[in-house]
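This note sets out comments on the structure shown below. The points are numbered for ease of reference.

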Amino acid sequence: MKLVEKFPNNAFINYQCAGSFDIIGEETKAIPYYKNAIKLGLPAKELQGAFLGLGSTYRTIGEYKKSKNLFAKGMKQFPKNRALQTFYAMTLYNLNEHDKAMELLLIIDTTNDAEIMRYRRAIKFYSDKLDEKWID
């Protein structure tokens, strides 16, 4: 937080601050930092992580339409990122778009995609908690 106060226009610091709030379970506090990091501009790898973090945060607090729109934007920019697609599928589930969600999720247990493997633990964690909301 002190670094963000000192360097408010540093996208990477905003991104790290958002991730820190996510890790400690304070999702709603992460939102403005993710949004600012995306707006300020991040390198491709971190930008993909910011799309995933913010989209997932919106989903876990019940902001499903915001989540869907953000994931769609991220997938348009990074069409080969399977992790974005997988978290997007969770959002589709919450929006009762089950057919599309299942179509995307069928790849999870049959893939060696590095991005999905990177988030495999989180995906598995949420798999039976898709209806829960985390609001701090």
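1. In which helix does Pro32 lie? The model under review is a predicted one, and in it Pro32 is found in helix 3. Pro32 has a relative accessible area of 47% and therefore counts as partly exposed, since that class runs between the cut-offs of 20% and 50%. The C-alpha atoms of Pro32 and Asn14 are 8.7 Å apart in space, with a separation of 18 residues in sequence.

2. The geometry of helix 3 may be considered next. Helix 3 has 14 residues, which at 1.5 Å a residue should span 20 Å; the C-alpha atoms at its ends are 20 Å apart, in agreement with that expectation. The expectation multiplies 1.5 Å by one less than the number of residues. After helix 3 comes Gly41, with a positive phi near 100°.

3. As to burial in helix 3, the buried residues include Glu27, Ala30, Ile31, Tyr33, Tyr34, Ala37 and Ile38. The cover over the buried residues of helix 3 includes helix 1 (2–6), helix 2 and helix 4. Tyr34 deserves separate mention: beyond its neighbours within four places in sequence, Tyr34 is in contact with Tyr15, Ala18, Gly19, Asp22, Ala50, Gly53, Leu54 and Thr57.

4. Tyr34 also appears in the description of the largest nonpolar core, which has 39 residues. The residues with the most contacts inside this core are Tyr34, Leu42, Phe51, Leu54, Leu84 and Phe87. At least two residues of the core come from each of helix 2, helix 3, helix 4, helix 5 (64–77), helix 6 (82–94), helix 7 (98–105) and helix 9. Helix 6 gives the largest share of the core, 7 residues. As a general background, nonpolar side chains tend to be buried together in soluble globular proteins.

5. Helix 4 is largely enclosed by the rest of the structure, because 14 of its 17 residues are buried. Its length is also as expected: at 1.5 Å a residue, the 17 residues of helix 4 should span 24 Å, and the end C-alpha atoms are 24 Å apart, which agrees. Gly62, just after helix 4, takes a positive phi of about 90°.

6. Helix 6 is mostly covered, with 11 of its 13 residues buried. Among the buried residues of helix 6 are Leu84, Phe87, Tyr88, Met90 and Leu92, together with the polar residues Gln85, Thr86, Thr91 and Asn94. Helix 4, helix 5, helix 7, helix 8 (114–118) and helix 9 are included in what covers the buried residues of helix 6. The 13 residues of helix 6 should span 18 Å at 1.5 Å a residue; its end C-alpha atoms are 19 Å apart, which agrees.

7. How is Tyr93, a residue of helix 6, placed with respect to solvent? Tyr93 is partly exposed, at a relative accessible area of 29%. Not counting residues up to four places away in sequence, Tyr93 touches His98, Ala101, Leu130 and Asp131. Of these, Leu130 is 37 residues from Tyr93 in sequence, and the two C-alpha atoms are 7.7 Å apart in space.

8. The backbone at Asn96 merits attention. Asn96 lies in the loop between helix 6 and helix 7, and its phi is positive, about 60°, although Asn96 is not a glycine. Most residues other than glycine have a negative phi. Asn96 is exposed, with a relative accessible area of 60%.

9. Thr111 lies in the loop between helix 7 and helix 8. Despite its place in a loop, Thr111 counts as buried at 15% relative accessibility, since the cut-off for burial is 20%. Its contacts, leaving aside residues up to four places away in sequence, are with Ile116, Met117 and Arg120. Thr111 and Ile61 are 50 residues apart along the chain, and their C-alpha atoms are separated by 28 Å.

10. Finally, the largest pocket has a volume of about 700 Å³. Its lining has 24 residues, and those nearest the centre are Asp22, Ile23, Tyr119, Ala122 and Tyr126. Two or more lining residues come from each of helix 2 (11–23), helix 3 (27–40), helix 4 (44–60) and helix 9 (120–127). By type, the lining divides into 10 nonpolar, 9 polar and 5 charged residues. Asp22, named here among the residues nearest the centre of the pocket, is also one of the contacts of Tyr34.

How values were computed
Residues numbered from 1 in each chain as written. Predicted model: local features only at pLDDT ≥ 70, side-chain atom pairs only at ≥ 80, totals over all residues. Heavy atoms only, no water. 1 Å grid on protein atoms, 1.4 Å probe; cavity = no way out; pocket = protein on both sides within 12 Å on 5 of 7 lines; lining within 4 Å. Points joined across faces, edges and corners; volume = space filled by probe spheres on them. Helix = DSSP H or I, 4+ residues; strand = E, 2+ residues; numbered from the N terminus. Buried < 20%, exposed > 50% of the residue type's maximum accessible area, 1.4 Å probe, protein only. Core = buried A, V, L, I, M, F, W, Y, C linked by side-chain atoms within 4.5 Å. Contact = heavy atoms within 4.5 Å.
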